[in-house]
Amino acid sequence: MALLLCAALVFDGGRLVAARTAAADAAENAARAGAQEIVGVRSGEFRLDEGRATQRAQAYLGEVGVSGGAVATSRTVTVTVTATTELT
């Protein structure tokens, strides 16, 4: 019985790590997508178009089927994702 319980804990732990890794990958890639919306290159005043960066990051999350949100400032894109996984 104890061996079965340990095996279930290992299995569930692996699933949690995989879910967390997938969520982190989606958030990082969404932030990268939003960071492509750089303006001001010709003037030398690099900044993000906040509206387009936010939209692009959120669109990426929708494309990959991950729930979450994004907020951009003139210098950063912050993405938050929510992931759920069932345990045995």
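Two strands count as paired if DSSP finds at least two bridges between them. Keep that in mind as you work through these exercises on a predicted model.

**Exercise 1.** Find out in which sense strands β3 and β4 pair, and over how many bridges.

*Solution.* Start by locating the strands: β3 covers residues 67-72, and β4 covers residues 77-82. Next, look at the bridges: there are six of them, and the pairing is antiparallel. For one concrete bridge, pick Ala-72 and look across to β4, where its partner is Val-77. Finally, check the link: four residues sit between β3 and β4, and the two strands form a hairpin.

**Exercise 2.** List the elements of the protein chain in order.

*Solution.* First count them: the chain has two helices and four strands. Then walk from the N terminus, and you should read α-β-β-α-β-β.

**Exercise 3.** Decide whether the protein chain is more spread out or less spread out than a compact globule.

*Solution.* Begin with the globule rule, which gives 12 Å for 88 residues. The radius of gyration of the protein chain is 18 Å, well over that value, so the chain is more spread out than a compact globule. Now add the spans of the C-alpha trace along its principal axes, about 70 × 20 × 15 Å.

**Exercise 4.** Describe burial and surface in the protein chain.

*Solution.* Take burial first, with under 20% relative accessible area as the cut-off. Buried residues make up 20% of the 88 residues. Then turn to the surface: the chain exposes about 6,300 Å², and carbon and sulfur atoms supply 58% of that area.

Methods. Residues numbered from 1 in each chain as written. Predicted model: local features only at pLDDT ≥ 70, side-chain atom pairs only at ≥ 80, totals over all residues. Heavy atoms only, no water. Rg over C-alpha atoms; globule rule 2.2 N^0.38 Å. Buried < 20%, exposed > 50% of the residue type's maximum accessible area, 1.4 Å probe, protein only. Areas by Shrake-Rupley, 256 points an atom, 1.4 Å probe, with all protein chains shown as cover.
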